[in-house]
Amino acid sequence: MNELMRVEDLKMYFGGLKAIDGLDLVINEGETLGIIGPNGAGKTTLFNAICGVYKPTGGKVIFKGQEVQGQPAYVMARKGIARTFQISKPLADLTILDNVVAAAGVHEYTGMRSYFRKSHTPEVIAKAEAVLEETGLTEVRDKKASDVSLGYLRRLEIARVLVTDPELIMLDEPCAGLSNFAINEVTELILKLKERKKSIVLIEHNLPITMKVCDRIMVLSYGKKIAEGPPEVVKHDKQVIEAYLGEEDEA
Ligand SMILES: Nc1ncnc2c1ncn2[C@@H]1O[C@H](COP(=O)(O)OP(=O)(O)OP(=O)(O)O)[C@@H](O)[C@H]1O
Ligand SMILES: [Mg+2]
């Protein structure tokens, strides 16, 4: 498998808090990597430090052989690193279709509103429509984002990522807070992307989902990697059971 991204000794400190504390990680092309770990383990911070939302305190992010750490989010997006947010942030007043159209301009424009105006071409609209079909959003394409349920919004987040033709898709808890039905729809969508050999990093609290869709799982605890491997191996790791699964059992 070809390496797509390599994270070396990555550190993200907030004052004295070591949210990411010297992390090494490889993401391979066409692989689905799961990231699990207790609340506050540093999963979202890892995404933020990779995607340029935060400037890492130290370490390297190497994407397709090039050092990219510390660059702003829009530069990372143009390089093909695309992520969803744990809390959906659609443009509430725009329709589902226009939200996807707006996201399509990431390679050309930086301001959301400005690229929405300029992206509204027949080609982009056709592409956005294809992505809506793929993500099961066609039935709500003309509804305002503020008027659809969370299940749709989570898939909208993924649609907005897909329309940019990303090389690396990073999903932050796309199933959190959803009904079992909506979880199934998101899981099926991820499996479809996986079939198409997309490179995916998935943060997910739900262990059965992670086990089902991921080729490999990395377990984070207090900003450090405590285990990594195929789902079946990670599931039986003693440290993982103590740090993570134990917590779930008590809940
Ligand atoms: N901007 C910030 N400023 C200060 N501390 C932060 C900031 N962002 C995150 N943290 C802290 O970093 C640690 C890791 O948080 P993070 O959100 O990455 O955890 P997580 O693994 O995504 O948790 P969850 O499962 O709840 O989403 C937490 O202690 C959190 O309070
Ligand atoms: Mg998080």
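**Stop 1: the β-α-β unit**

Select β7, α7 and β8: together they make a right-handed β-α-β unit. The model is predicted. Show β7 as residues 168–172, α7 as residues 180–195 and β8 as residues 199–203. The helix lies across β3, β7 and β8. Against β8, α7 runs at about 150°.

**Stop 2: inside β7**

Keep β7 and add its side chains. How many of its five residues are buried? Five of the five are, so the strand is mostly covered, given that buried means under 20% relative accessible area. Now split the strand by face. Leu-168, Met-170 and Asp-172 sit on one side. Ile-169 and Leu-171 sit on the other. Both faces of β7 are covered.

**Stop 3: the partners of β7**

Add β8. Five bridges join β7 to β8, and the two strands run parallel. To find the register, pick Leu-168, which stands opposite Ser-199 in β8.

Next add β6. This strand pairs with β7 in the parallel sense, over three bridges. Here the register can be read from Ala-82, which stands opposite Ile-169 in β7.

**Stop 4: the whole sheet**

Select six strands and follow them in the order β6-β7-β8-β3-β9-β10. They form an open sheet, and the pairing is mixed. Which strands stand at the edges? They are β6 (81–83) and β10 (224–229). Each has a single partner strand, so one side of each is left without a neighbour in the sheet. Look along the sheet for its twist: neighbouring strands are turned by 20° against each other on average, direction ignored.

**Stop 5: β3 against β9**

Zoom to β3 (residues 32–36) and β9 (residues 216–221). They run parallel and are joined by four bridges. Pick Ile-35, whose bridge partner in β9 is Met-218.

**Stop 6: Asp-21**

Move to strand β2, residues 17–28, and select Asp-21. Is Asp-21 buried or exposed? Its relative accessible area is 16%, and the cut-off for buried is under 20%, so Asp-21 counts as buried.

Now show what surrounds it. Leaving aside neighbours within four places in sequence, Asp-21 is in contact with Leu-10, Tyr-13, Tyr-222, Gly-223 and Lys-224. Draw one distance to finish: the side chain of Asp-21 makes a polar contact with the side chain of Lys-224, at 3.2 Å. Residue 224 also takes you back to the sheet, where the edge strand β10 spans 224–229.

How values were computed:
Residues numbered from 1 in each chain as written. Chains lettered and ligands numbered in written order. Predicted model: local features only at pLDDT ≥ 70, side-chain atom pairs only at ≥ 80, totals over all residues. Heavy atoms only, no water. Buried < 20%, exposed > 50% of the residue type's maximum accessible area, 1.4 Å probe, protein only. Polar contact = N/O pair within 3.5 Å; in protein donor to acceptor, adjacent residues only side chain to side chain. Contact = heavy atoms within 4.5 Å. Pairing = 2+ DSSP bridges. Axes fitted to C-alpha atoms, helices over the stretch in contact; angles between N-to-C directions. Right-handed = clockwise from strand over helix to strand, strands pointing away.
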